[in-house]
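Me: I am new to this structure. Please take a close look at one part of it, and then follow the connections from there to the rest.

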Amino acid sequence: MVLTGPAFAQNSPGQIITVKGTVTGPDGTPLIGASVTDKRTKNAMATDGKGQYSLSVPNDAELEITMIGYAPQTVKVNKRSVINVGMIESAGKLDEMVVIGYGTRKKSDLTGAVSQVSMAKVETQQAISLGDYLRGSVAGLNVQRSASTSGQTGFEIRGQTSLSASSAPLIVVDGMIYNGSINDINPNDVETVSVLKDASSAAVYGASAASGVINITTKQGKSEKPTIRIDAKTSAAVLY
């Protein structure tokens, strides 16, 4: 909504006049740093600490008022020397952001780079190790099969990245780098597994994360009554 003052200037079209006013939000609070621009001459200024501006423009100019989070407003001067503007919020103009390492990115750009698996959704599957749960659950994560009875498996994120160095991803458990094997982690202790597949992982963990990161979050205690849970899985083999 645009609010205009009562003052008018007595002058000829195109003559330069000084336009003053206040830019406010939907609740009437003055907006600091809103940009007021003459669309023709591109002469512009930002509102001060009281949301006020003063701009010299032609008396037939059009003013454009913009500010992040608010819909742009266009106002015709029409020889007026006082123009107050009320801005309207525009939440749709903002892109949802995700913090990654030491910066931010649009959530739409990060969707394919970070994948998360909730163990609550896969705990009913028959599996020996954590790798068995992750196999086929995350695009770009290759979990190698092994004939070992202990369920030993190997991992690669988006294929091999080096002909000589190890292509195994970095394993991080509850924020700490884990130097052991992921096969040694009890799947029943895991709450979620996040797989980082792009360069943003290196911003946190350095060059050791060149082949990606498997970030494991374990289950934590809760302020509830103690519960005891027993899970049992059986298998049968038929010999001929």
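Reply:
**The largest pocket, and the strands and cores**

The volume of the largest pocket is about 580 Å³. The model is a predicted one, and this applies to every value below. Rolling a probe the size of a water molecule over the atoms shows where empty space is left.

Which residues lie nearest the centre of the largest pocket? They are Asn188, Lys219, Gln220, Thr227 and Arg229, out of 20 residues that line it. By type, the lining of the largest pocket has eight charged, eight nonpolar and four polar residues. Two elements, α2 (119–122) and β17 (190–196), each give at least two residues to this lining.

The interior comes next. The largest nonpolar core holds 18 residues, and Val19, Val23, Tyr53, Leu63, Ile65, Val77 and Ile83 are those with the most contacts inside it. Two or more residues of this core come from each of β2, β5 (52–58), β6, β7 (70–76) and β8 (83–86). There is also a second, separate core of 15 residues, with Leu130, Ile171, Val190 and Val195 among them.

Tyrosine 53 gives a view of the surroundings within the first of these cores. With its neighbours within four places in sequence left aside, tyrosine 53 touches Val19, Lys20, Gly21, Thr22, Val23, Val36, Met45, Thr47, Leu63 and Ile83.

Strand β2 covers residues 16–24, and isoleucine 17 is part of it. Is isoleucine 17 buried or exposed? Its relative accessibility is 8%, so isoleucine 17 counts as buried, the limit being under 20%. Isoleucine 17 is 63 residues from arginine 80 in sequence, while their C-alpha atoms are 8.6 Å apart in space.

Now the sheet. Five strands make an open sheet with antiparallel pairing, in the order β4-β3-β6-β7-β9. Why do β4 (44–46) and β9 (88–89) stand at the edges? Each has a single partner strand, so one side of β4 and one side of β9 have no neighbour in the sheet. Strands of a sheet pair through backbone hydrogen bonds, either parallel or antiparallel.

Strand β3 can be followed towards both of its partners. Four bridges pair β3 (residues 35–38) with β6 (residues 62–67) in the antiparallel sense. Within that pairing, valine 36 has isoleucine 65 of β6 as its bridge partner, and threonine 37 has glutamate 64 of β6. Towards β4, strand β3 has three bridges, and the two strands run antiparallel. Here threonine 37 faces alanine 44 in β4. In a regular strand the side chains alternate between the two faces of the sheet.

The link between β3 and β4 is a hairpin with five residues between the strands. In its turn, lysine 42 has a positive phi of about 65°.

Positive phi values also turn up in the loop between β7 and β8. Asparagine 78 is in that loop, and its phi is near 50°, positive although the residue is not glycine. Lysine 79 lies in the loop between β7 and β8 as well, with a phi near 65°, again positive in a residue other than glycine. Lysine 79 counts as partly exposed because its relative accessibility is 30%.

Technical notes
Residues numbered from 1 in each chain as written. Predicted model: local features only at pLDDT ≥ 70, side-chain atom pairs only at ≥ 80, totals over all residues. Heavy atoms only, no water. Buried < 20%, exposed > 50% of the residue type's maximum accessible area, 1.4 Å probe, protein only. Pairing = 2+ DSSP bridges. Core = buried A, V, L, I, M, F, W, Y, C linked by side-chain atoms within 4.5 Å. Contact = heavy atoms within 4.5 Å. 1 Å grid on protein atoms, 1.4 Å probe; cavity = no way out; pocket = protein on both sides within 12 Å on 5 of 7 lines; lining within 4 Å. Points joined across faces, edges and corners; volume = space filled by probe spheres on them. Nonpolar A, V, L, I, M, F, W, Y, C, P; charged D, E, K, R; others polar.
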